[in-house]
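Me: I should like a close look at a single part of this model, with its surroundings described in a connected way. Please begin from the structure shown here.

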Amino acid sequence: MPKLFFTPTSCGAASFIAAHKSKLIGTKIHAYAVDLRSHTVISGDKKGEDFYKFNPKGNVPTIVLDDGTVLNENAATLQWIADQTTDLAPAIGSSARYLLQAKLSYASSELHATVGGLFNPTLSADVKEYLHQKYKTKLEFLNKELEGKDYWVGNSFTVADSYLFIILSWSGYLQVDLAPYPNVKNFVDRIANLDFVKAAQADMATYK
Ligand SMILES: N[C@@H](CCC(=O)N[C@@H](CS)C(=O)NCC(=O)O)C(=O)O
């Protein structure tokens, strides 16, 4: 069975939440929690193993397919998960599917890269301020994009929502107030309150 390596609050959680929603965890995907400080697997039959053994980059999400292929990068892992089922992404080849790919690329290369940088405790004040300003610009853009919308692409939850939700959920930890961006704040609150998201988060907490 393919293996998904994740942590409950990092971007790896986006893959877990999507896979859990579609009941893939335990049926088509075996999930393993990782400690990203020590790069060690901390759950299941791989507990205690060096995570670099599975992914030389040492980051999550990682999916190891049955043929040994190591899939990294949210844009790829999330689409692989979406393609194991029918309810997490628009059909392959449709305009909406390309839109989803564009959103995943934006989330990864622009949003995640900006917000992720703010977790570095050694940032100089200048760089920190630069990244905060950059994040504000992205939030202003997203606030317009999400106006009148429940989901980022189309009318139902997709893997793009899972990824966007996780990245935005780091705002509290980084002391970035989302109140000035009401459509963004409503998006985060709405996704956080979906039953299947709460169920996935509760399940992730049991992996130890
Ligand atoms: N470029 C990757 C970034 C993935 C990434 O930054 N993962 C973080 C967690 S959010 C991680 O595993 N960091 C630990 C490490 O790199 O050692 C993507 O777009 O998916």
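Which residue takes a positive phi just after α1?

Reply: The residue is K23, whose phi just after α1 is about 55°. The model is predicted, with residues numbered from 1 along each chain as its sequence is written. Local features need pLDDT of at least 70, side-chain atom pairs count only at pLDDT 80 or more, and totals for chains, interfaces and linings use all residues, while side-chain values use heavy atoms, with hydrogens and water left out.

K23 is not a glycine, despite the positive phi. The residue belongs to the loop between α1 and β2 (helices are DSSP runs of H or I with at least four residues, strands of E with at least two, numbered from the N terminus). With a relative accessible area of 64%, K23 is exposed (buried means under 20%, exposed over 50%, partly exposed in between, with a 1.4 Å probe and protein chains only). A further non-glycine residue with a positive phi, of about 75°, is E73, which lies in the loop between β5 (70–71) and α2. E73 is partly exposed, at 41% relative accessibility.

The helix before K23 is set in other surroundings. Helix α1 spans residues 12–21, and eight of its 10 residues are buried, so the helix is largely enclosed by the rest of the structure. The buried positions are G12, A13, A14, S15, F16, I17, A18 and A19. They pack against β1 (3–6), β2 (30–35), α2 (74–82), α5 and α7 (195–204).

F16 is also among the residues with the most contacts inside the largest nonpolar core, together with I81, L111, W152 and L168; this core has 61 residues (a core is a set of buried Ala, Val, Leu, Ile, Met, Phe, Trp, Tyr and Cys residues joined through side-chain atoms within 4.5 Å). Its largest share, eight residues, is supplied by α5. Apart from this core lies another, of eight residues, including Y32, V34, F51 and V60.

Helix α5, one of the partners of α1, has 10 of its 11 residues buried and is therefore largely enclosed as well. Those buried are V159, A160, D161, S162, Y163, L164, F165, I166, I167 and L168. Their cover includes α1, α2, α3, α4 (125–145), α6 (182–192) and α7.

With α3 (residues 95–117), α5 (residues 159–169) has an axis approach within 10 Å and a crossing angle of roughly 10°. The two helices are therefore roughly parallel to each other (angles under 35 degrees count as such). On the α3 side, the contact involves L100, K103, L104, A107, S108, L111, H112 and V115, and on the α5 side V159, A160, Y163, L164, I167 and L168 (contact means heavy atoms within 4.5 Å). Beyond four places in sequence, L168 touches L111, Y135, L139, L142, L178, V184, F187 and V188.

The loop between α2 and α3 holds L88, which is buried at 0% relative accessibility. Its contacts, not counting residues up to four places away in sequence, are A18, K21, S22, I81, A82, F157, T158 and V159. The C-alpha atoms of L88 and V159 are 5.7 Å apart, although 71 residues separate the two along the chain.

Notes
Axes are lines fitted to C-alpha atoms, for helices over the stretch in contact, and angles run from 0 to 180 degrees between N-to-C directions. Angles under 35 degrees count as roughly parallel, over 145 as roughly antiparallel, 65 to 115 as roughly perpendicular and the rest as oblique.
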